[in-house]
Amino acid sequence: YNADKQDESGSVFSEYQDGVKTKETVYTSDYKVKNVYQPQYKDGERSEIKVFDNENKEIEKLISN
């Protein structure tokens, strides 16, 4: 968030379940969904992050090492 350049700013909201992040949504300055990030976990550690666009289509998958 940049108060001096609000038209270039956005907001990030995270969702948690039992202390583990399950979803992060990035909104544009006009409060429209830009991207959604959903982490996947294996044996209690993040194994990948799926990235979705504003139409809920998967656009990328980031693999954790």
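**Exercise 1. How many positive and negative side chains does the protein chain have, and how far apart do the centres of the two sets lie?**

Before we start, a note on the ground rules: this is a predicted model, in which local features need pLDDT of at least 70 and side-chain atom pairs count only at pLDDT 80 or more, while totals for chains, interfaces and linings use all residues. Residues are numbered from 1 along each chain as its sequence is written, and side-chain values use heavy atoms, with hydrogens and water left out.

*Step 1.* Count Lys and Arg as positive and Asp and Glu as negative, leaving out His and the chain ends. This gives 10 positive and 14 negative side chains.

*Step 2.* Place each charge at NZ of Lys, CZ of Arg, CG of Asp or CD of Glu. The centres of the two sets then lie 3 Å apart.

**Exercise 2. Find the salt bridges, and say how exposed their partners are.**

*Step 1.* Side chains of opposite charge can pair when their charged atoms come close. Here a salt bridge needs a side-chain nitrogen of Lys or Arg within 4 Å of a carboxyl oxygen of Asp or Glu, and the count comes to three.

*Step 2.* For exposure, use relative accessible area with a 1.4 Å probe and protein chains only: buried is under 20%, exposed is over 50%, and partly exposed lies in between.

*Step 3.* Take the pairs in turn:

- Lysine 21 meets glutamate 24 at 2.8 Å, N to O; lysine 21 has 25% relative accessibility, so it counts as partly exposed.
- Aspartate 30 and lysine 32 are joined at 3.9 Å, N to O. Aspartate 30 is partly exposed at 46%, whereas lysine 32 is exposed at 54%.
- Lysine 57 pairs with glutamate 55 at 3.4 Å, N to O. Lysine 57, at 48%, is partly exposed, and glutamate 55, at 56%, is exposed.

**Exercise 3. Which secondary structure elements make up the protein chain, and in what order do they run?**

*Step 1.* Read the DSSP runs from the N terminus, taking helices as H or I of at least four residues and strands as E of at least two. The result is zero helices and five strands, in the order β-β-β-β-β.

*Step 2.* Now check the overall spread. The radius of gyration, taken over C-alpha atoms, is compared with a globule rule of 2.2 Å times the number of residues to the power 0.38. The protein chain comes to 14 Å, well over the 11 Å that the rule gives for 65 residues, so the chain is more spread out than a compact globule.

*Step 3.* Add the box and the burial: the C-alpha atoms fill roughly 45 × 25 × 20 Å along the principal axes, and 15% of the 65 residues count as buried.
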